[in-house]
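Dear colleague,

I am handing over the structure below, and my notes on it follow. Please read them with the model open beside you.

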Amino acid sequence: MEPQTWLDGVWHAGNPPIFGPMTHGAWMASVAFDGARAFEGVMPDLDRHAARAIDSARKLGLEPKIPAEEIAALAVEGVRRFPEGTELYIRPLFWAEDGFVEPDAESTRFMLTLFEMALPAPDATVTAALADERRPRPAMAPTDAKASCLYPNVQRMLRKARQRGFSTALVLDPDDKVAEFATANLFMVRDGKVATPADNGTFLNGITRQRMIGLLQEDGHEVAERTIELEELLEADEVFATGNAPKVIPASRIEDRDFQPGPVARRARELYWAFAHAHGKPEDFGL
């Protein structure tokens, strides 16, 4: 089924033309977005993704005119336009229509797009090449927003990694400490203890990451948010990723180090799916 986009009160099918040659978002990158998921009749953390889209837009100097609750309600409406159970990516997006260099906040526009994107199979894994590129410091880029302007660097990482036969990239921060994967947050397990890179402002503190930390802790796991050296990561017993696209997926290789999907990653996926089905239905958001 074709993607569905809500814009100016109307649903559009396919890929409707949105930007013109003078649109600020097209030539000055004043674009903030977010991603939520619909699968198996649930939309976990839909409310938090909608709220983060608004927060990201404001951090780019935009002024959203739609509340998070309305974004969530539109997302539910959009999901119902697809056959029941379709695995979807839900993408609210804000941009400035006018402005010269600095966006005109009053010209902020909004659209919501839903499109089919299958979740990875339960036994899927990722492989990662070490990226040459680094995550920027907060003083160098709007790292606290989910901003489109950050993604050309991600595209470079992925292109190089895939040219080498890997599915993604492992990214370091400006101090050469482990940050995350190219498009997902990272967890490692060693001797039964879970660690994830501390939120130092160089990468987005993902909603699924935050949820996973809490779920693992509630399940009795010790989870440390701390600095992780590349060398210790490569000596880990397990490595897995969390993010909106895969939700939870183990790594089977980083450079020349092979990993086996382990019990903590399997448990993490079980915990997330249980949470999603317990708290991700439309009625859980009052919709």
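Helix 5 covers residues 207-218, and because its 12 residues at 1.5 Å a residue should span 16 Å, the 17 Å between its end C-alpha atoms agrees; the expected span is 1.5 Å times one less than the number of residues. Helices (H or I, at least four residues) and strands (E, at least two) are DSSP runs numbered from the N terminus. This is a predicted model, in which local features need pLDDT of at least 70 and side-chain atom pairs count only at pLDDT 80 or more, while totals for chains, interfaces and linings use all residues. Residues are numbered from 1 along each chain as its sequence is written, and side-chain values use heavy atoms, with hydrogens and water left out.

Among the buried residues of helix 5 are Ile-207, Met-212 and Leu-216, where buried means under 20% relative accessible area, exposed over 50% and partly exposed in between (1.4 Å probe, protein chains only). Just after helix 5, Gly-220 takes a positive phi of about 95°.

Most residues other than glycine have a negative phi. Asp-191, not a glycine, nevertheless has a positive phi of about 55°; Asp-191 lies in the loop between strand 12 (185-190) and strand 13 (193-197), and is exposed, with a relative accessible area of 67%. Glu-255, also not a glycine, has a positive phi of about 50°; Glu-255 sits in the loop between strand 16 (247-254) and strand 17 (257-258), and is partly exposed, at a relative accessible area of 22%.

With regards
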